[in-house]
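Here is a short briefing to read alongside the structure. Please keep the 3D view open as you go through the points.

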Amino acid sequence: MSIKDIVIYGTGAIGSVLATFLQLSNAEGEKNIHLVGRASVLDSIKENGLTFIPYQETNQQNWITTTGFNYYTNIQQVPRADVIFCTMKAHSLQRSLEDAKDLLSSNPTVFITMNGLGLAEIVEKYLTREHIIECIVLFPSKLENNIVRNTGGNSTIIAEKNEISKRLIPQLFKPDTLDIQLDKNCKQRQWQKAVMNIGMNAISAITMKTVGEVLATEPLRKIISQLIQETFLVSQKEGINLPEDMEEKFWDFCSKDPNHRPSTQQDIKRGKPTETKFLNGYIVRKGKEYGFATPANASITTLMDIIEQKI
Ligand SMILES: NC(=O)c1ccc[n+]([C@@H]2O[C@H](COP(=O)([O-])OP(=O)(O)OC[C@H]3O[C@@H](n4cnc5c(N)ncnc54)[C@H](OP(=O)(O)O)[C@@H]3O)[C@@H](O)[C@H]2O)c1
């Protein structure tokens, strides 16, 4: 069956990146690309087109502007869907799926292109597992009005390899558009990325420090070390084989970009909810299920809840 209707659900930075490459791959206009998002974002794209700026690209001739999308502020207005990319933040997923119940009843394939652990389990309440494709987004990006820019060197998306993704990805993205790789060990890589987020995001948001400043603060390094060890224990129970030297990999990775401020800091500054519940909070929930304590992740999750005024 060929794909006709593609939905970007939660059009923000990542949704705009995907929309750009989906539309670039849709030169004949045979597919409908439906953007579901907030009016402020959609109005700007509708008026000016969606412009993608590759990493550090100053030559405007190499910027890519795409148009021709359909726009909706409510998923219930979308007429049909073969494929849905969930590109909202993790804390919006459950409510958003509830709103999309009708659309999901026709069994579209859902790509989860979000950070966080346990998200497929949430989608599984609405769809059978083979229709859910988990992805790891290694494509730092920022959306301002109608302009989305790649803010880091990476520009890759890794998607779970199964029969459906093998069939759909070539139909969605033409070669030489988006670097999207299929991987049977996607789950493992997802956890590796989660370790980076679990170790750094909340800590940097609580302390409002750059990554480099966190790394230079010995007591914070000790807490991070505990966060990673607890994650390692849970991952083993989950059947995930994280590398033995995961913590070293974490320090190496973080030291490459000392001036970086994880977006969790921005979320706190703007009074927005963070994804901590689906990172550190997930480790706490799973630890409880497996019968052991995860005190470092529990404390960080509680502190973030207080900062986010949830308690
Ligand atoms: N940006 C990056 O560099 C990057 C890189 C890798 C992974 N990720 C992950 O990718 C995911 C998306 O990140 P992002 O930066 O693209 O987030 P984002 O810019 O906040 O985009 C999500 C957009 O969807 C909207 N939204 C949420 N629920 C909606 C609904 N039911 N209907 C319509 N609109 C809805 C949000 O509005 P509200 O804000 O009003 O809810 C927001 O405008 C996150 O899990 C993030 O961690 C991001």
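The notes below cover one helix pair and the cysteines. Please bear in mind that this is a predicted model.

**How the two helices pack**

- Helix α12 spans residues 280–290, and helix α13 spans residues 295–307.
- The two helices pack at an angle of about 130°, and their axes lie 8 Å apart.
- An angle of about 130° falls outside the ranges for roughly parallel, roughly antiparallel and roughly perpendicular, so α12 and α13 count as oblique to each other.
- If you look at the handedness, α12 and α13 cross in a left-handed way.

**Who touches whom**

- On the α12 side, the contact involves N280, G281, I283 and V284.
- Their partners in α13 are N297, A298, I300 and T301.
- The residues of this contact between α12 and α13 split into 4 nonpolar and 4 polar, with no charged ones.

**Cysteines and disulfides**

- How many disulfides does the structure hold? The count is 0.
- For C135, the closest cysteine sulfur is in C186, at 6.5 Å from its own sulfur, which is too far for a bond.
- The same pairing holds from the other side: the cysteine sulfur closest to that of C186 is in C135, at 6.5 Å.
- A disulfide needs the two sulfur atoms within 2.5 Å, so the 6.5 Å between C135 and C186 rules this pair out.
- Are these two cysteines buried or exposed? C135 is buried, with a relative accessible area of 3%, and C186 is also buried, with a relative accessible area of 3%.

How values were computed: Residues numbered from 1 in each chain as written. Predicted model: local features only at pLDDT ≥ 70, side-chain atom pairs only at ≥ 80, totals over all residues. Heavy atoms only, no water. Axes fitted to C-alpha atoms, helices over the stretch in contact; angles between N-to-C directions. Helix = DSSP H or I, 4+ residues; strand = E, 2+ residues; numbered from the N terminus. Parallel < 35°, antiparallel > 145°, perpendicular 65-115°, else oblique. Left-handed = near helix turned anticlockwise from the far one by under 90°. Contact = heavy atoms within 4.5 Å. Nonpolar A, V, L, I, M, F, W, Y, C, P; charged D, E, K, R; others polar. Buried < 20%, exposed > 50% of the residue type's maximum accessible area, 1.4 Å probe, protein only.
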